[in-house]
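Please open the model in your viewer and keep a selection tool at hand. The stops below are meant to be taken in order, each beginning with something to select.

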Amino acid sequence: MSQPRVLIIQDISASCRISMNVAVPVVSCLDNWVSILPTALLSTHTGKEFEGYTFLDLTQEMGGILQHWQSLGIKFDGILIGYLGSRQQINIVRDIIHTFAAEDAHIILDPAMGDQGVLYPGFTLEYVDEMAALCNEATVITPNVTEACFLTKRPILKKPYAESEVSELLADLRALNPNNVVLTGVSLESETIGAVCVSQSEPEAHYAFAKHFPGHYDGAGDLFTSVVGGLLFQNLPLTVATETAVRYNSMVIERTLKSGRELHYGVQFETDLPYLIEQLRKYKPAE
């Protein structure tokens, strides 16, 4: 059976284990044929730990790449969308979905624009509105709780969350995307954290939790969406993809903490890639 041909759209933070640097190996190891469309090139990510980082906007280059691909007749069985640096790039991605997505393609959108109750630097409420509209173009969206609150214009929730609050947030997210929603960073008690998913085929909320390690882990959201996308491109159920991503993120964060390395450069995801391959073989035996 041929591999799904998938496109990853997000930035490259050259020295950090986030965004494209985690998406490509994770999605690839899950037996997908990966192409990339970088949105920007940075020396590091834009977190407060780094000053003087470089930033190269690749919007113009994206247009040239897409023109060439269109001349080649390229189509993608799946598209994974991460950090987009501007409203213009959101519009470009909307055109990509309409032009390059094969019929029945999985369109995985991580509306990466905020965390810990605030938007990332440079993002505005107008950007949030554009991202909310893009959510309707996807087959799956994977916001964290902060992003979900901005997208649905709800007050920012405080941890630990009440299950009723999460249910109301999910209902509002489904108004933006009735297909499939995965809400990340869900914590109903201080000892655990995870995600909850709902879909058209399984409308009842399905929770997946793992041990909570206090702190902030740059790249963990990118990693989570990469696992979910990589497995969905293999046509595994959303519940399986969500559970696997929660377990993998937890083991990766624990390993990173034990390593003693700087957390702001991202998490040590490489060592546990074999776990993902094992899960794929478990749920989808070789044909």
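What follows is a walk through a predicted model, stop by stop.

**Strand S10 and its partners**

Begin by selecting strand S10, residues 192-199. Of its 8 residues, 7 are buried, so this strand is largely enclosed by the rest of the structure. Add strand S9, residues 180-189, which pairs with S10 in the antiparallel sense over 7 bridges; a hairpin of 2 residues makes the connection from S9 to S10. To find the register in the viewer, show valine 181, which stands opposite valine 198 of S10.

Next add strand S11, residues 206-211, which also runs antiparallel to S10 and is joined to it by 6 bridges. Here the hairpin has 6 residues between the two strands, and a useful pair to display is valine 196 with tyrosine 207 of S11, since these residues stand opposite each other.

**The cavity beside S10**

Keep S10 on screen and turn to the enclosed space that it helps to line. The search finds 1 cavity of 30 Å³ or more, and the largest cavity holds about 30 Å³ of space. To see its lining, select Cys197, Val198, Ser199, Glu202, Glu204, His206, Leu238 and Thr239. S10 gives the most to this lining, with 3 residues, while helix H8, residues 238-259, is also among the elements that supply at least two. Sorted by class, the lining comprises 3 nonpolar, 3 polar and 2 charged residues.

**The cysteines**

One of the lining residues, cysteine 197, is worth selecting by itself. Cysteine 197 is buried, with a relative accessible area of 2%. Which cysteine sulfur is closest to that of cysteine 197? The closest lies in cysteine 135, but it is 17 Å away, which is too far for a bond; a disulfide would need the two sulfur atoms within 2.5 Å. Over the whole structure, the search finds 0 disulfides. Cysteine 29 can be shown alongside, and with 19% relative accessibility it counts as buried, because the cut-off for that class is under 20%.

**Aromatic pairs**

Now colour the aromatic side chains: the whole structure has 7 aromatic pairs. Select phenylalanine 50 and tyrosine 265, whose rings meet edge-to-face, 5.2 Å centre to centre and with 75 degrees between the planes. Phenylalanine 50 sits in the loop between strand S2 (33-42) and strand S3 (55-57), and tyrosine 265 in the loop between H8 and helix H9 (273-283), so the pair ties together parts that are 215 residues apart in sequence. The two partners fall into separate accessibility classes, as phenylalanine 50 is buried at 12%, whereas tyrosine 265 is partly exposed at 32%.

For another geometry, move to phenylalanine 123 and tyrosine 127, which form a stacked pair at 4.2 Å centre to centre, with 20 degrees between the planes. Phenylalanine 123 is buried with a relative accessible area of 10%, and tyrosine 127 is buried as well, at 2%. Then select Trp69, Phe76 and Phe100, which ring pairs link into a cluster.

**Loops with backbone features**

Switch to a backbone view and go to the loop between helix H5 (145-152) and helix H6 (163-176), where proline 160 is found. The peptide bond joining lysine 159 and proline 160 is cis, with omega about -10 degrees. In the loop between H5 and H6 you can also pick lysine 153, which has a positive phi of about 60 degrees although it is not a glycine; lysine 153 is exposed, with a relative accessible area of 64%.

Asparagine 235, in the loop between helix H7 (220-232) and H8, is the residue to select next. Its phi is positive too, at about 65 degrees, although it is not a glycine. Is asparagine 235 buried or exposed? At 57% relative accessibility, asparagine 235 counts as exposed.

**A last stop on helix H2**

Finish by selecting glutamine 67, which lies in helix H2, residues 59-72, and counts as exposed at 61% relative accessibility. If you draw a distance from its C-alpha to that of aspartate 218, the viewer should span 33 Å between two residues that are 151 apart in sequence.

Note on methods
Residues are numbered from 1 along each chain as its sequence is written. This is a predicted model: local features need pLDDT of at least 70, side-chain atom pairs count only at pLDDT 80 or more; totals for chains, interfaces and linings use all residues. Side-chain values use heavy atoms; hydrogens and water are left out. Buried means under 20% relative accessible area, exposed over 50%, partly exposed in between (1.4 Å probe, protein chains only). On a 1 Å grid over the protein atoms alone, a cavity is a set of points where a 1.4 Å probe fits but cannot get out, and a pocket is an open set with protein on both sides within 12 Å along at least five of seven lines; lining residues have an atom within 4 Å of a point. Grid points are joined across faces, edges and corners, and a volume is the space filled by probe spheres set on the points. Helices (H or I, at least four residues) and strands (E, at least two) are DSSP runs, numbered from the N terminus. Ala, Val, Leu, Ile, Met, Phe, Trp, Tyr, Cys and Pro count as nonpolar, Asp, Glu, Lys and Arg as charged, and the others, Gly among them, as polar. Two strands pair if DSSP finds at least two bridges between them. Rings of Phe, Tyr and Trp (its six-membered ring) pair if their centres lie within 6.5 Å; planes under 30 degrees apart count as stacked, over 60 as edge-to-face and the rest as tilted.
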